[in-house]
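Me: Please take a close look at a single part of this chain and then place it within the rest. Keep it plain and give the cut-offs for the terms used.

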Amino acid sequence: MPPPARPSVERSQGSGFIIGSDGVIVTNAQVVDGASKIVVRLADKREFAAKIVGSDPHTDVAIIKIAANADLPTLKLGDSDRLEVGEWVMAVGNPFGLDNSLSSGIVSAKGRHLGDAYDQLIQTDANLNPGSSGGPLVDLHGNVVGINKAIISQGGGNLGIGFATPINLVKEILPELETSGKVTRGWAGVVVQEITPVLAETMGLKNTRGALVSGIVGGSPAERGGIKVGDVITEFDGKIVSDALELPLWIARTPLAKRVALKINRDNKELRVDLVVVALPNLPTQTPIGKIG
């Protein structure tokens with residue numbers, strides 16, 4: 001009889017950066033989620049066991065902590081809202097296990113959406129490869145403007161299309177991750193999609209602004225508030241909806257139990273509806289017909 005198969009041990013690599021001198025580190029949730037053991041190797045070759053403090057799969061951000069028993073050097077968090085297309089940036093990480101690797105490029109675009117309702121990603125042509133995930137994207141002043149997240153690739157290598165989570169979005173959730181280990185978001189149960197010129201013409205709309213309601217979750221605040229499939233949400237809590245992909249993020253940032261007013265276009269008539277935002281349940285943030293908020 002052949003000997004029994006030995007259980008395999010899966011190992012993965014990623015990157016991260018220190019934001020607290022006491023050993024607080026930011027990385028991608030995908031780098032550490034599900035790990036039975038996390039080992040952090042610093043630039044000076046010292047290794048430490050780490051524990052997960054908090055994780056948010058929706059933004060792919062996690063906080064881990066090591067006990068280094070010494071003040072550690074930290075990176076300063078910048079302002080990603082001030083980042084401009086064409087600006088030079090640098091990506092630091094551990095691609096293919098080559099630690100402390102630096103690549104440079106420019107900001108190719110901002111506000112990219114890859115699938116999650118809360119995506120507002122920075123696109124860059126700085127080289128990102130397997131192992132780069134979780135590393136910092138920094139500006140020429142050394143300030144962190146994003147967390148390297150993903151690449152578009154046909155064979156696993158870099159094609160010059162990489163994405164990073166804006167650091168301002170990360171700064172919003174860091175306090176809650178550190179105190180409670182997770183992020184609580186607002187939810188209304190409305191599925192929306194962008195309005196194309198063809199849709200606008202078909203529906204008799206004057207322009208493509210607003211968010212088209214393509215689905216309603218049963219029993220949700222949207223259903224109780226009277227929103228219907230086919231409505232076009234044009235205003236949310238006093239803010240004009242010019243881009244449908246902004247709406248789920250606005251809902252997520254709304255305090256729980258807050259009553260908000262929406263302006264909608266239904267059959268070319270403007271109506272006002274109110275709904276009460278509740279906590280995001282354990283539901284997928286994306287459906288085949290749009291973004292859910």
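Reply: What follows starts with one strand and its partners and then moves out to the rest of the chain.

The model is predicted, so local features need pLDDT of at least 70 and side-chain atom pairs count only at pLDDT 80 or more, while totals for chains, interfaces and linings use all residues. Residues are numbered from 1 along each chain as its sequence is written, and side-chain values use heavy atoms, without hydrogens or water.

The part chosen is strand β15, residues 232–236. Strands (E, at least two residues) and helices (H or I, at least four) are DSSP runs numbered from the N terminus. Four of the five residues of β15 are buried, which leaves the strand mostly covered. Buried stands for under 20% relative accessible area, exposed for over 50%, and partly exposed for what lies in between, with a 1.4 Å probe and protein chains only.

β15 has several pairing partners to go through, where pairing requires at least two DSSP bridges between two strands. With β14 it pairs in the antiparallel sense over two bridges; there, isoleucine 233 of β15 is the bridge partner of alanine 211. With β17 the pairing is again antiparallel and rests on four bridges, and glutamate 235 has lysine 263 of β17 as its bridge partner. Glutamate 235 also stands opposite isoleucine 240 in β16. β16 covers residues 239–240 and is joined to β15 by two bridges, in the antiparallel sense. The hairpin of β15 and β16 has two residues between the strands, and aspartate 237 in this hairpin takes a positive phi near 50 degrees.

β15 also contributes to a core. A nonpolar core is a set of buried Ala, Val, Leu, Ile, Met, Phe, Trp, Tyr and Cys residues joined through side-chain atoms within 4.5 Å. The largest one has 20 residues, and Val190, Ile233, Phe236, Leu247 and Leu262 touch the most other members. At least two residues each come from β13 (190–193), β14 (211–216), β15, α5 (247–253), β17 (259–266) and β18 (269–276). A separate core of 15 residues includes Ile18, Val32, Leu42 and Leu72.

A salt bridge links β17 to the loop that leads into β15. Here the term means a side-chain nitrogen of Lys or Arg within 4 Å of a carboxyl oxygen of Asp or Glu. Arginine 266 and aspartate 231 form such a pair, at 2.8 Å from N to O. Arginine 266 belongs to β17 and aspartate 231 to the loop between α4 (221–224) and β15, so the pair ties together parts 35 residues apart in sequence. Aspartate 231 counts as buried because its relative accessibility is 2%.

The model has nine salt bridges by this rule. Another one joins arginine 272 and aspartate 274, at 3.4 Å from N to O. Arginine 272 is exposed, with a relative accessible area of 61%, and aspartate 274 is partly exposed at 31%. In the bridge between arginine 46 and aspartate 44, the closest N and O atoms are 2.8 Å apart. Both residues count as partly exposed, arginine 46 at 35% relative accessibility and aspartate 44 at 42%.

Elsewhere in the chain, six strands close into a barrel in the order β6-β7-β8-β11-β10-β9, with antiparallel pairing. From one strand to the next the twist averages 45 degrees. Within the barrel, β8 (residues 121–124) and β11 (residues 162–166) share three bridges in the antiparallel sense, and threonine 124 stands opposite glycine 162 of β11. Helix α2 (residues 167–180) packs on the sheet, touches β10 (144–151) and β11, and has a direction about 40 degrees from that of β11. Such angles, on a scale of 0 to 180 degrees, are taken between the N-to-C directions of lines fitted to C-alpha atoms, for helices over the stretch in contact.

Asparagine 143 sits in the loop between β9 (136–138) and β10. It counts as buried, at 17% relative accessibility. With neighbours within four places in sequence left aside, asparagine 143 is in contact (heavy atoms within 4.5 Å) with Lys76, Gly78, Leu137 and Val138.

For the chain as a whole, the secondary structure comes to five helices and 21 strands. There are 293 residues, of which 45% count as buried. Of the contacts between residues at least 6 apart in sequence, 58% join residues at least 24 apart. Along the principal axes, the C-alpha atoms fill a box of roughly 65 × 50 × 50 Å.
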